[in-house]
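User: I would like to go through the reasoning behind some of the labels given to this model. Please set each value against its definition before concluding.

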Amino acid sequence: VGFLKEGYYYPSHQATDFYHHYKEDIALMAEMGFKTYRLSISWTRIFPNGDDETPNEEGLHFYDNVIDELKKHNIEPLVTILHFDMPLNLATKYGGWINRKLIDFYLKFAKVLFERWKDKVTYWITVNEINVLGGYWTLGLASNHRKTGAHSNQGETPLEDAGIKFQSIHHMLVASAMANKMAREINPHFMLGTMCALSGIYPATCHPDDVALAYDMQDMMAFAPMETYVYGIISPLVMNKWRKENTVPQMFKEDEQILKSGTADYLGVNWYCTQTVGISNSKSGFNIGVELDIKKNPYLEYGHWDWSYDPKALKMALKECYARFKKPIMICENGWSELETVEDGKVHDQKRIDYLHDHIKQMQNAIDEGVDLIGYQHWSFIDILSSSQGFDKRYGLVFVDRDNFNIKNCQRIKKDSFYYYQSVIKNNGLGEINEER
């Protein structure tokens, strides 16, 4: 397609080979006791070019089989419609999500799914991590943007770049709201959520500048988009900031009513770790009107890739979200990544077990304190391809025997955490999870 280079290997083309292993994988989910499984639909499998007249029946049939297999094992499918992907043609021809035409293409895609599985799927996520943007899947390709009247993939200044991203987020929020409204007309019993990446933000010191920075980051990065898809409004604080910086997205007159008419039924969040920030003279790339420095918290443990281990912060985040938005909360992703190898046919991942234990305990504490937490999806059931670390970075409860350059036969191997999580599900998060360790 113009991006592939000779001599390079692209592990994403086969990844875990779920296409040929889905029955085996779902059987493992059932063995573990899964009550629900989150899956994402590949837009290109349904509309290869994005602007096709009719959907690809073969792609739909594959997902029919996956959903039927899940239902056979009494596993509730949780379907994500847009998950960091879109047909390349929508980037090259239209410029990606900065182009409002993407809303119509997305709605056509979503309508096919809603109508196809209106009697089989109850829980939906319209957009994965709507507050996290990057790459051509969101913004399109720079060389083609100006042909469509859009901006370049990267602005000439940080504020221009921010304006591009805000415009893209606005279009995605409008698309999500319209999808919610359409879905309820198809089946009023659907449960519809949009999901944000949520990370606790600590100030590096108690200096007021650091405290204000941490507050503003949390508000802009997570709570502002949540406010839009939960309440159907754009935060006045955000709008004021946009006006001051001249980064107000282009909005149609009807957008205000669209956002209000398509709010979410539940609040979806992804949670992994916390960040610690302070005012700095070094550039971070995060536009909030100041320069900042991401620091390591001296009171926390860090794993590979510098992600912190901070389970108590999860309870605080859940309480904060519930206090702000009064909506049921679904944790759509949560997990621990490691470099792992097979030893005598086994994978010993005690750190992941500890992470699960400590975070589920904090979820229970949040529930005990009144948070309406309706679901938890561990990330991930099986090792997957990470966007920047390939198969070196492993999240799964099940090991996939392949690496970045050799797909082998993708043998599935149960990790120690498989058996631990099996016991947690059996006890509904109780029993062993509450014992002294």
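**Helix α3 and strand β5**

Analyst: In this predicted model, the buried residues of α3 are covered by elements that include α1 (18-32), β1 (36-40), α2 (43-46), β2 (76-82) and α5 (101-116).

User: What makes residues of α3 count as buried, and which ones are they?

Analyst: A residue is called buried when its relative accessible area is under 20%, and in α3 the residues that meet this cut-off are G59, L60, F62, Y63, D64, V66, I67, E69 and L70.

User: How do you know that the reach of α3 is close to the expected one?

Analyst: The expected span is 1.5 Å times one less than the number of residues; for the 16 residues of α3 (57-72) that expectation is 22 Å, and the helix reaches 22 Å from its first C-alpha to its last, so the two values agree closely. After α3 comes N74, with a positive phi near 60 degrees.

User: Why is β5 called mostly covered?

Analyst: Strand β5 spans residues 266-279, and 12 of its 14 residues are buried, that is, under 20% relative accessible area, so the strand is described as mostly covered.

User: Why are β4 and β9 each said to pair with β5?

Analyst: Pairing requires at least two bridges between two strands. Strand β4 (191-203) is joined to β5 by 10 bridges, in parallel, and β9 (329-333) is joined to β5 by 4, also in the parallel sense, so both meet the criterion. Within these pairs, I201 stands opposite Q275 in β5, while V269 stands opposite I331 in β9.

Methods: Residues are numbered from 1 along each chain as its sequence is written. This is a predicted model: local features need pLDDT of at least 70, side-chain atom pairs count only at pLDDT 80 or more; totals for chains, interfaces and linings use all residues. Side-chain values use heavy atoms; hydrogens and water are left out. Helices (H or I, at least four residues) and strands (E, at least two) are DSSP runs, numbered from the N terminus. Buried means under 20% relative accessible area, exposed over 50%, partly exposed in between (1.4 Å probe, protein chains only). Contact means heavy atoms within 4.5 Å.
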